[in-house]
Amino acid sequence: MSAVSFGDIMRQRRLLGCGTRPTDNARPKSHHEDTRKAKPWRVHGDRNRKRWNVFKAAALRTFDIMRQKHLMALRDARAARRAGETMEVPGAQERLHGDDRAVLSYMLDRYNHMNGELYPAYATIAAQTGLSHGFVKAAMARLRAFGLIDWVRRSKTKEGAEGHAGPQLEQTSNAYFFSWPEQLIGSARETFLNFLTIGLKKLTERQTPASPPRISDPELAAALSRLRAGVEHGPVSVSSASS
């Protein structure tokens, strides 16, 4: 291939946005927001807000129990270390923190119970919870490690990049989803399922109309039947005592 023809090909590739430089600024394993893999959302509660609230409450109560266990383990480890025993103290990323609950609660509140969509940016979460950007990012990592939330990275086409050489894609917010039965492990999974079962049962009982009590006394049942018939067919004339 001659130098001239090679140059013509390279110019054409640049005009088509196919230069030899990297074609995107997106992080590895990111999926374009228009692809199916970038939409991992799951619907919980059959698109019923009251049922979704049961899922949300079960997740938060599970977090509280997990957090309590982590605090107890941290306390025991510190006590053992003070006593001179060789016991490793759990690191910051190996246990849930108190403000992690605020992040989880915000994500649960932002969840769209009709279609499962959830994709706020870290900056938005930080602003709404009053926490720092760095803490939100670390909290998300902890929540994910313990199975309370998950996500996929997403990218989008860079505005004005079509037809130009250079980066074509850029990073956008993650697509978050909840998959508690699959991601929670051990006692945490059982805890969540127990809270969920109890909550859904109570909700069903509240929504089911109570059946009228059955009357065992035949005479009383007959009298009530005559009374209902009289109400349905209009007023019943009653003879006065003096007639």
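The expected span of a helix is 1.5 Å times one less than its number of residues. That rule comes into play in the second view below, and every view here shows a predicted model.

**Figure 1. The whole protein, from one end to the other.** Let us start with the overall plan. The secondary structure comes to 8 helices and 3 strands. Reading from the N terminus, these elements follow one another as α-β-α-α-α-α-β-β-α-α-α. The protein has 243 residues, and 33% of them count as buried. If you take the contacts between residues at least 6 apart in sequence, 70% of them join residues at least 24 apart.

**Figure 2. Helix 2 and its two ends.** Helix 2 covers residues 49–82. With 34 residues at 1.5 Å a residue, helix 2 should span 50 Å, and its end C-alpha atoms are 49 Å apart, which agrees. At the N-terminal end, Asn48 acts as the cap: one of its side-chain oxygens lies 2.9 Å from the backbone nitrogen of Lys50. Past the other end, Gly84 comes just after helix 2 and takes a positive phi of about 90 degrees. Along the way you will find Leu71, which belongs to helix 2 and counts as partly exposed at 41% relative accessibility. Leu71 and Arg95 are 24 residues apart in sequence, while their C-alpha atoms are 8.2 Å apart in space.

**Figure 3. The loop that leads into helix 2.** This close-up follows the stretch between strand 1 and helix 2, where Asp46 lies and where Arg47 is found as well. Asp46 is not a glycine, yet its phi is positive, at about 55 degrees. Arg47 is another residue other than glycine with a positive phi, near 60 degrees. How open are they to the surroundings? Asp46 is exposed, with a relative accessible area of 61%, whereas Arg47 counts as partly exposed at 48% relative accessibility.

**Figure 4. His44 and its surroundings.** His44 also lies in the loop between strand 1 and helix 2. Is His44 buried or exposed? With a relative accessible area of 11%, His44 is buried; the cut-off for buried is under 20%. A polar atom of the His44 side chain lies 3.0 Å from the backbone oxygen of Phe178. Leaving aside neighbours within four places in sequence, His44 is in contact with Trp52, Phe55, Tyr111, His113, Phe178 and Trp180.

**Figure 5. Aromatic rings gathered together.** The count of aromatic pairs comes to 8. One of these pairs is Trp52 with Phe178: the ring centres are 6.2 Å apart and the planes meet at 35 degrees, so the pair is tilted. Trp52 lies in helix 2 and Phe178 in the loop between strand 3 and helix 6, so the pair ties together parts that are 126 residues apart in sequence. Both partners are tucked away: Trp52 counts as buried at 2% relative accessibility, and Phe178 counts as buried at 0%. These two residues join Tyr111, Trp180 and Phe192 in one aromatic cluster.

**Figure 6. The largest nonpolar core.** This view takes in 41 residues, of which Met107, Met140, Leu148, Phe178 and Trp180 touch the most other members. Helix 2, helix 3, helix 4, helix 5, strand 2, strand 3 and helix 7 each give two or more residues to this core. Which element gives the largest share? That is helix 2, with 8 residues. Now look closely at Met107. Leaving aside neighbours within four places in sequence, Met107 is in contact with Leu118, Pro120, Ile125, Met140, Ile149, Tyr176 and Phe178.

**Figure 7. The buried residues of helix 3.** Helix 3 runs over residues 100–110. Its buried residues are Asp100, Val103, Leu104, Ser105, Tyr106, Met107 and Leu108. What do they pack against? Their partners are helix 2, helix 4, helix 5, strand 3 and helix 6.

**Figure 8. Two arginines over aromatic rings.** In the first pairing, the charged end of Arg144 sits over the ring of Trp151, at 4.1 Å from the ring centre. In the second, Arg154 lies over the face of Tyr119, 5.0 Å from the centre of that ring.

Notes. Residues are numbered from 1 along each chain as its sequence is written. This is a predicted model: local features need pLDDT of at least 70, side-chain atom pairs count only at pLDDT 80 or more; totals for chains, interfaces and linings use all residues. Side-chain values use heavy atoms; hydrogens and water are left out. A nonpolar core is a set of buried Ala, Val, Leu, Ile, Met, Phe, Trp, Tyr and Cys residues joined through side-chain atoms within 4.5 Å. Buried means under 20% relative accessible area, exposed over 50%, partly exposed in between (1.4 Å probe, protein chains only). Helices (H or I, at least four residues) and strands (E, at least two) are DSSP runs, numbered from the N terminus. Contact means heavy atoms within 4.5 Å. Rings of Phe, Tyr and Trp (its six-membered ring) pair if their centres lie within 6.5 Å; planes under 30 degrees apart count as stacked, over 60 as edge-to-face and the rest as tilted. A charge sits over a ring if NZ of Lys or CZ of Arg is within 6 Å of the ring centre and within 35 degrees of the ring normal. A polar contact is a pair of N or O atoms within 3.5 Å; within protein, one must be able to donate a hydrogen and the other to accept it, and residues adjacent in sequence count only if both atoms are side-chain atoms.
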